Amino acid sequence: MNGIRTLLAAAVAAAATAGVIAADAPLTAQQQHGRKVFDIKCLPCHGPGMWGTNALARRMPLDKAELEKRTDLNAVMVKTLMRVGIGSMPPIRKTEVDDADADAIAAYLTRNSPR
Amino acid sequence: MTASAPLPPGVSAADFNQALKEFAGVVGHDWVLTSEEDRHTYLDAFAPGDADKHACSAALAPTTAEEVQALVKIANRHRIPLWPVSTGRNLAYGGSAPVLRGSVVLDLKRMNRVLEVNNELGYALVEPGVNFFDLFEALQAQGGKLWISTPAPGWGSVIGNALEHGVGYTPYGVNANSICGMEVVLANGDVVRTGMGGVNPGGQEWQVFKYGYGPVWDLMFTQSNFGVVTKMGIWLLPEPEAVANFAISLPDMGDLPVMVDTLRPLRLDDTINAPYTITNPYRSIMDPMSAQGKTRSTIYKGPGCMPLDFVEQTLRSRGEGMWNVGFNLFDSDKGLDLREAKIRAAFDKVPGAKVKTMRWHRGEPLAGWMRVSPVLFPLAGVDWYGGPGGHINYAPVVAPIGSRIAEVYDMVYRRYVEFGFDCYCGFLNIGGRAIVVNPCTFFNREDAEMTRRARELARVLYKDGAAKGFGDYRAHISFMDDVADMYGYNDHAARRLGDKVKDALDPNGILAPGKQGLWGSAQRVHKGKPA
Ligand SMILES: Cc1cc2nc3c(=O)[nH]c(=O)nc-3n(C[C@H](O)[C@H](O)[C@H](O)COP(=O)(O)OP(=O)(O)OC[C@H]3O[C@@H](n4cnc5c(N)ncnc54)[C@H](O)[C@@H]3O)c2cc1C
């Protein structure tokens, strides 16, 4: 949702690195849907300067801490961590992100990973 | 059902399986959630070491009030306790987990429609699964003419937060005050519309007049277990012309009483027209660090509560005083000028006070400091001792008299030093007249000893506060009976009244047994002993 992206961009306007997502290869329909769900359900914690990104930056280089920029995620890992939770990230329930949406998020986040 | 799932207390496996089949007949097999993976998602994610004591046996996810009606009827036949949640993000108070182990979570997240936004009359009518992000988006899509009053983390439910007496930071700060009209499914499956919603056939008045005719029921369904709320009207703040932010800092440790006494009259006459939050020195250090992803070990490595002189030095080096208060005012630009002049005049009389302000004007993009757009970064504080974290609160209601607030703070601070936690404490002005003194204990969930200490600290504070005559405004599922005990006037007349109502409306006690210490006759045997 553009509203949330704008909002987050405003919230981190101070951070010089804040900006649009790097240009990728064109997204498949599933990946596009995944990005839309990710924006609503994950971005408030995984956008630049947000809690999840900051938490991950404590244990990996900053350029890897933003999930959307990762090239080493795999779909099983993304879906499992979403359901089980990791660190302080609470589990995301099926009523919030159903299995089809979880698949779509995973497809979006792994679009740049080697297959 | 996997082997490790608890059963609802007193219900046989055969009966439970039969009920699950009947539930599936209503919501479909996919939305009777019984796998270990699914049940895990309903545990209290920030539990103070006792997540399994509040494990559910299953979760049900209906999409309509009719489905909710059918589910409560089945639950009644099989005597199965249901624990309704709207979005189940009641973090620090139990998340989506029930008080009574083995209850079935009634997860209303899929009922997620914004049914109406009325810009002319200033309200929205929402279903339980609508969270503050959803409502914010829906309002923005219509030009942002109405504003939400979001709690610090925005992924909770508009309905769930209002039902819990939650708070946001606009003039409509206490969300329960903004409730106007509900639809409620009672334990026997009946559906009631409160207030003007009862008029048949109804018109445009449900969300504009709270009182209807006869007794007013809305607030009876808040912090209670008397019904399942399936719709709620919520009044929304019309976009003001301007917003001003105030950050006021007082230099010395002894300045808490003068801070409270200076704010009180300004809030009472509505010069300050939205809730303020006073932060103690620890919180003033910890909040900005957490927002940047920094944990305690980056500034301090020793055990115990960080020494006060270290805290003072840290704040001084940043040019800040020991006591800080933040709030926003909502008005026209001219109105803000008048308010600002009064506030500055009041704080000019306080030695060493520093007042900083900022303004926003209609047409500019919403700024983070306005706290009117939902965010999730405030949750980052739980990582203070390194993740995976959690936190529990002590939250007594205290009259905003400087000496009284200072007395409670002193009691809290001593206990934090004794128990070895950094004394993070906010003072939330809830509802204009009161302050909720709100120390939060952060803990690392993987450190069993620290988690145990955090629990003990909470219990000790409850006892200390109760002895001085204070009562909390809200409680974690592990402490609901402890807090109910604080309200003991006339041999617990308040709880006895609650129990009578409970027995009348829900004789089998199938709705949220133990919620806020209300068990009812049917489920009282389970009080205090996990199944
Ligand atoms: C760091 C941090 C900061 C926080 N700051 C704030 C804050 O500023 N303000 C604030 O208010 N809270 C705050 N909270 C607490 C909490 O996160 C929010 O109050 C949150 O909105 C509550 O969760 P929810 O809306 O998902 O409610 P839910 O979990 O859906 O509901 C809460 C409870 O209400 C009852 N209930 C819910 N829906 C229904 C229904 N439809 N019918 C019957 N009963 C129902 C149930 O007992 C349920 O357990 C904070 C928490 C953390 C961790």
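This talk goes through a predicted model with chains A and B and a ligand, starting with the ligand and ending with some backbone details.

Let me begin with the ligand. A shell of 32 residues surrounds it, and the closest are B:S86, B:T87, B:R89, B:Y169 and B:R474. How much of the ligand does the protein bury, then? I will come to that after three contacts.

The side chain of B:T87 has an N or O atom 2.4 Å from an oxygen atom of the ligand. At B:G88 the contact is with the backbone: a polar backbone atom lies 3.0 Å from a ligand oxygen. B:R89 also uses its backbone, with an N or O atom 2.7 Å from an oxygen atom of the ligand. Now the area. On its own the ligand exposes 970 Å², and the protein buries 93% of that. As for secondary structure, the elements of chain B giving two or more residues to the shell are β3, residues 82-85, α5, residues 158-163, and β10, residues 228-235. Sorted by class, the shell has 16 nonpolar residues, 12 polar ones and 4 charged ones.

Two arginines from the list of closest residues, B:R89 and B:R474, also turn up over aromatic rings. B:R89 lies over the face of B:W155, 4.1 Å from the ring centre. B:R474 has its charged end over the ring of B:Y93, at 4.1 Å from the centre of that ring.

That brings me to the aromatic pairs. How many are there over all chains? The structure holds 15. I will show two of them. A pair of aromatic rings is described by the distance of the centres and the angle of the planes.

The pair I start with is B:W323 and B:Y409. Their ring centres are 5.2 Å apart, the planes are at 80 degrees, and the pair is edge-to-face. B:W323 belongs to strand β14 of chain B, residues 323-331, while B:Y409 belongs to helix α10, residues 402-419, so this pair ties together parts that are 86 residues apart in sequence. Are these two residues buried or exposed? B:W323 is buried, and B:Y409 is buried as well.

The next pair is B:Y424 and B:F442. Here the centres are 4.9 Å apart and the planes stand at 80 degrees, over the 60 degrees needed, so this pair is edge-to-face. B:Y424 is in strand β18 of chain B, residues 424-430, and B:F442 is in strand β19, residues 434-444, so the pair links parts that are 18 residues apart in sequence. B:Y424 and B:F442 are both buried.

B:W323 and B:Y409 are also part of a cluster. Ring pairs link these two with B:Y282, B:Y413 and B:F427.

Next, helix α4 of chain B, residues 132-141. Its buried residues are B:F132, B:F133, B:L135, B:F136, B:E137 and B:L139. An α-helix has 3.6 residues a turn, so residues three or four places apart point the same way. Where the helix starts, B:N131 has a side-chain oxygen within 3.0 Å of the backbone nitrogen of B:F133. Just past the helix, B:G143 has a positive phi of about 100 degrees.

Now some backbone details in chain B. Which peptide bonds should you look at? One is the bond from B:N200 to B:P201, which is cis with omega near -5 degrees. B:P201 sits in the loop between β9, residues 191-193, and β10. Another cis bond joins B:G387 and B:P388, with omega about -10 degrees. B:P388 is in the loop between β15, residues 354-361, and β16, residues 389-393.

Positive phi values also occur in residues other than glycine. B:A92 has phi near 85 degrees. B:A92 lies in the loop between β3 and β4. Its relative accessible area is 4%, under the 20% limit, so B:A92 counts as buried. B:H492 has phi near 60 degrees, and this residue is within helix α13, residues 489-505.

The loop between β3 and β4 also holds B:S103. Why is B:S103 called buried? Because its relative accessibility is 0%.

Last, chain A. It has 7 helices and 0 strands, and of its 115 residues, 49% are buried.

Notes:
Residues numbered from 1 in each chain as written. Chains lettered and ligands numbered in written order. Predicted model: local features only at pLDDT ≥ 70, side-chain atom pairs only at ≥ 80, totals over all residues. Heavy atoms only, no water. Phe/Tyr/Trp six-rings, centres within 6.5 Å; stacked < 30°, edge-to-face > 60°. Helix = DSSP H or I, 4+ residues; strand = E, 2+ residues; numbered from the N terminus. Buried < 20%, exposed > 50% of the residue type's maximum accessible area, 1.4 Å probe, protein only. Lys NZ or Arg CZ within 6 Å of the ring centre and 35° of its normal. Near = heavy atom within 4 Å. Polar contact = N/O pair within 3.5 Å; in protein donor to acceptor, adjacent residues only side chain to side chain. Areas by Shrake-Rupley, 256 points an atom, 1.4 Å probe, with all protein chains shown as cover. Nonpolar A, V, L, I, M, F, W, Y, C, P; charged D, E, K, R; others polar.
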